[in-house]
Amino acid sequence: DIPDGRIRFITLMTCLESLFNLGKDQIAHTIARHLSVILSENKEQFKENYARIKKLYNMRNSIVHGGEYKGDMITDYLDLSEKVRRAINYCNKPNLTKEELFEDLNTKGF
């Protein structure tokens with residue numbers, strides 16, 4: 001119910017940061033890699049998802065740091081919203097700590 005699309009977008013990206021980030025280094029890479037592992041079924045999909053998520057994260061940076069938003073806000077928001085939904089569903093496992101999730105995702109990949 002947040003009326004400002006930019007704030008909705010940032011809020012979704014913050015959700016991914018809280019799910020996948022353990023430190024202050026390589027945040028965009030970590031989010032893109034872990035989410036791509038979850039979303040992808042093969043190496044090609046992984047590469048496409050990784051590039052798209054990095055682009056979405058760069059859009060987040062542009063919004064946060066006062067830059068010009070280059071893209072279709074509605075399309076990007078809907079895409080990010082779907083990715084966040086899938087991430088939450090994946091991470092919603094009982095008895096799995098954030099550290100264990102991070103380790104599990106680090107051992108997977110293409």
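## A salt bridge to start with

Arginine 6 and aspartate 4 join their side chains in a salt bridge, with 2.8 Å from N to O. This is a predicted model, so treat the distances here as computed values. Arginine 6 has a relative accessibility of 47%, so it counts as partly exposed. Aspartate 4 is partly exposed too, at 22%, which sits just above the 20% line under which a residue is called buried.

Searching the whole structure turns up eight salt bridges. As background, side chains of opposite charge can pair when their charged atoms come close.

## More charged pairs

Aspartate 79 and lysine 83 form another of these bridges, at 2.6 Å from N to O. The two are four residues apart in helix H4, so about one helical turn separates them. Is lysine 83 buried or exposed? Its relative accessible area is 10%, so lysine 83 is buried.

This pair also belongs to something wider: Arg52, Asp76, Asp79 and Lys83 are linked in a network of salt bridges.

Then there is lysine 108, whose side chain meets that of aspartate 104 in a salt bridge of 3.3 Å, N to O. Lysine 108 is partly exposed, with a relative accessible area of 33%, and aspartate 104 is partly exposed at 27%.

## Helix H1

How well does the span of H1 agree with 1.5 Å a residue? With 16 residues, H1 should span 22 Å, and its end C-alpha atoms are 23 Å apart, so the two values agree.

The buried residues of H1 are Gly5, Phe9, Leu12, Met13, Leu16, Glu17, Leu19 and Phe20. The cover over them includes H2, H3, H4 and helix H5, the last of these running over residues 98-106.

## Helix H3

H3 covers residues 43-64. Its 22 residues reach 31 Å from the first C-alpha to the last, close to the 32 Å expected at 1.5 Å a residue. For a feel of that reach inside the helix, take glutamate 44 and isoleucine 63: they are 19 residues apart along the chain, and their C-alpha atoms are separated by 29 Å.

Glutamate 44 is found in H3 and is partly exposed, with a relative accessible area of 45%. At the start of the helix, a side-chain oxygen of asparagine 42 comes to within 3.1 Å of the backbone nitrogen of glutamate 44. After H3 comes glycine 66, with a positive phi near 80 degrees.

Which residues of H3 are buried? They are Phe46, Asn49, Ile53, Leu56, Tyr57, Met59, Arg60, Ser62 and Ile63. What they pack against is helix H1 (5-20), helix H2 (27-39) and helix H4 (73-91).

## Methionine 73, where the chain comes back

Methionine 73 has its place in helix H4. Along the chain, methionine 73 and glycine 5 are 68 residues apart, yet their C-alpha atoms are separated by 7.2 Å.

Which residues does methionine 73 contact, once neighbours within four places in sequence are left aside? The list is Gly5, Arg6, Phe9 and Ile63. Several of these names have come up already: Gly5 and Phe9 are among the buried residues of H1, Ile63 is one of the buried residues of H3, and Arg6 is the partner of aspartate 4 in the opening salt bridge.

Technical notes. Residues are numbered from 1 along each chain as its sequence is written. This is a predicted model: local features need pLDDT of at least 70, side-chain atom pairs count only at pLDDT 80 or more; totals for chains, interfaces and linings use all residues. Side-chain values use heavy atoms; hydrogens and water are left out. Buried means under 20% relative accessible area, exposed over 50%, partly exposed in between (1.4 Å probe, protein chains only). The expected span of a helix is 1.5 Å times one less than its number of residues. Contact means heavy atoms within 4.5 Å. A polar contact is a pair of N or O atoms within 3.5 Å; within protein, one must be able to donate a hydrogen and the other to accept it, and residues adjacent in sequence count only if both atoms are side-chain atoms. A salt bridge is a side-chain nitrogen of Lys or Arg within 4 Å of a carboxyl oxygen of Asp or Glu.
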